[in-house]
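Take a look at the structure below before reading on. The text then goes from the chain as a whole to a metal site.

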Amino acid sequence: MSVISVSSLTKHFNGIKAVDGVSFEVREGTIFGFLGPNGAGKTTTISILCTLLKPTSGTAIVNGYNCLTESAQVRSSIGVVFQDMTLDKDLTAYENLLYHAILYNVEKSKRERVVNDALKFMDLYERKDDLVKRFSGGMKRRLEVARAVVHQPRILFLDEPTLGLDPQSRNNLWEFITRLPNEKGVTIFMTTHYMEEAEVCQEIAIIDRGKIIASGSPDELKKTVGGDVIYLRTTDNEKALRIIREEMSLKGKVSGDELFITVSRGDACLPELIRQLGEMVKSVRVQRPTLNDVFLTLTGKEIRPETVDAADEVREAVRAYRRRFDRT
Ligand SMILES: Nc1ncnc2c1ncn2[C@@H]1O[C@H](COP(=O)(O)OP(=O)(O)O)[C@@H](O)[C@H]1O
Ligand SMILES: [Mg+2]
């Protein structure tokens, strides 16, 4: 059964097609990932599904409610963790969640229990009476997830939940998030531009420039790449590419300072490749396909060009500064 149904959704900002005719379904109880580079249209799509933005055209149905005409019902049936932190730092963890429970009309007699349950689930119960400004980045994120499930939503929206966290906190957060569907019966819709994170999803839609360019399970998507990927650095990539195409009839592309070639069996192909290119070869590596290779094959570019965009870098620097400031 689908709990989210999106059909031909578009959103234009002064001529920019941020979301450009997107359609997809999310099955109940699954983790659905929206994977794409910065500026692809992920946050815009989530904002429409959470009724914070009106679409230019198309329809979005969430939990059976129309996002345009039944926004109140949509809002009360979902939980959201935004890309940027929205906790009140001068309140305790408990107070932040209690405040949320009141806003969401959780019955007075149940509030204490649901807040404590959410804190326990995210392993923050011991710290419930500490001010949020004393929390690390990872704990704040966990608290935001706890808050988002206090009113027992059927769908949880997570927009780049691990952005700006260190690898350990990211893994830790994932442990909790991936337990939610089974243990709390929540369907998860998340966005990310980290390929590794998309691996936890049952279903992924890859979005680029407002359009879904591929969808399926991580394994299905990787199979579309059609085998292993050989990455090559050579003294002359353009010349090497010509040789690979003309002498070996293989398909290759240049990306950055590397050449990548998709083949059915990487190890079987290597000796001939080295023989053909000889001294031109500077380095070679063979990789089983990853979701990044899927993106590369479809678009000819990396999902994370120049690793992070300037806005992300600024946000991360500001967060790091605040963390330092918080501890003093
Ligand atoms: N409020 C806005 N006004 C104008 N342009 C916007 C606005 N919000 C997003 N955009 C543009 O829409 C595109 C998609 O943005 P966004 O949905 O934030 O992408 P993502 O979350 O995938 O990084 C970008 O080109 C962005 O600059
Ligand atoms: Mg975004």
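The paragraphs that follow describe the overall build, the surface and charges, and the magnesium site.

This is a predicted model. The protein chain holds 12 helices and 14 strands. Its C-alpha trace extends over about 75 × 50 × 40 Å along the principal axes. Of the 328 residues in the protein chain, 50% are buried. Counting contacts between residues at least 6 apart in sequence, 70% connect residues at least 24 apart.

The exposed area of the protein chain comes to about 16,100 Å², and 48% of that area is supplied by carbon and sulfur atoms. As for charge, there are 47 positive and 46 negative side chains. The centres of these two sets are 3 Å apart.

Next comes the metal. Which residues coordinate the magnesium ion (ligand 2)? The donors are OG1 of Thr43 and OE1 of Gln83, at 2.0 to 2.4 Å. These two residues come from distant parts of the chain, 40 residues apart. Thr43 belongs to helix H1 (residues 42-49), while Gln83 sits in the loop between strand S6 (78-81) and helix H3 (93-103).

Are the two donor residues buried or exposed? Gln83 has 14% relative accessibility and therefore counts as buried, since the cut-off for buried is under 20%. Thr43, at 33%, lies between that cut-off and the one for exposed, over 50%, so Thr43 counts as partly exposed. The magnesium ion is thus coordinated by Thr43 and Gln83, of which Thr43 is partly exposed and Gln83 is buried.

Definitions and conventions: Residues numbered from 1 in each chain as written. Chains lettered and ligands numbered in written order. Predicted model: local features only at pLDDT ≥ 70, side-chain atom pairs only at ≥ 80, totals over all residues. Heavy atoms only, no water. Helix = DSSP H or I, 4+ residues; strand = E, 2+ residues; numbered from the N terminus. Buried < 20%, exposed > 50% of the residue type's maximum accessible area, 1.4 Å probe, protein only. Contact = heavy atoms within 4.5 Å. Areas by Shrake-Rupley, 256 points an atom, 1.4 Å probe, with all protein chains shown as cover. Lys, Arg positive; Asp, Glu negative; His and termini not counted. Charge placed at Lys NZ, Arg CZ, Asp CG, Glu CD. Donors = N, O, S within 2.8 Å, 3.2 Å for Na, K, Ca; no water.
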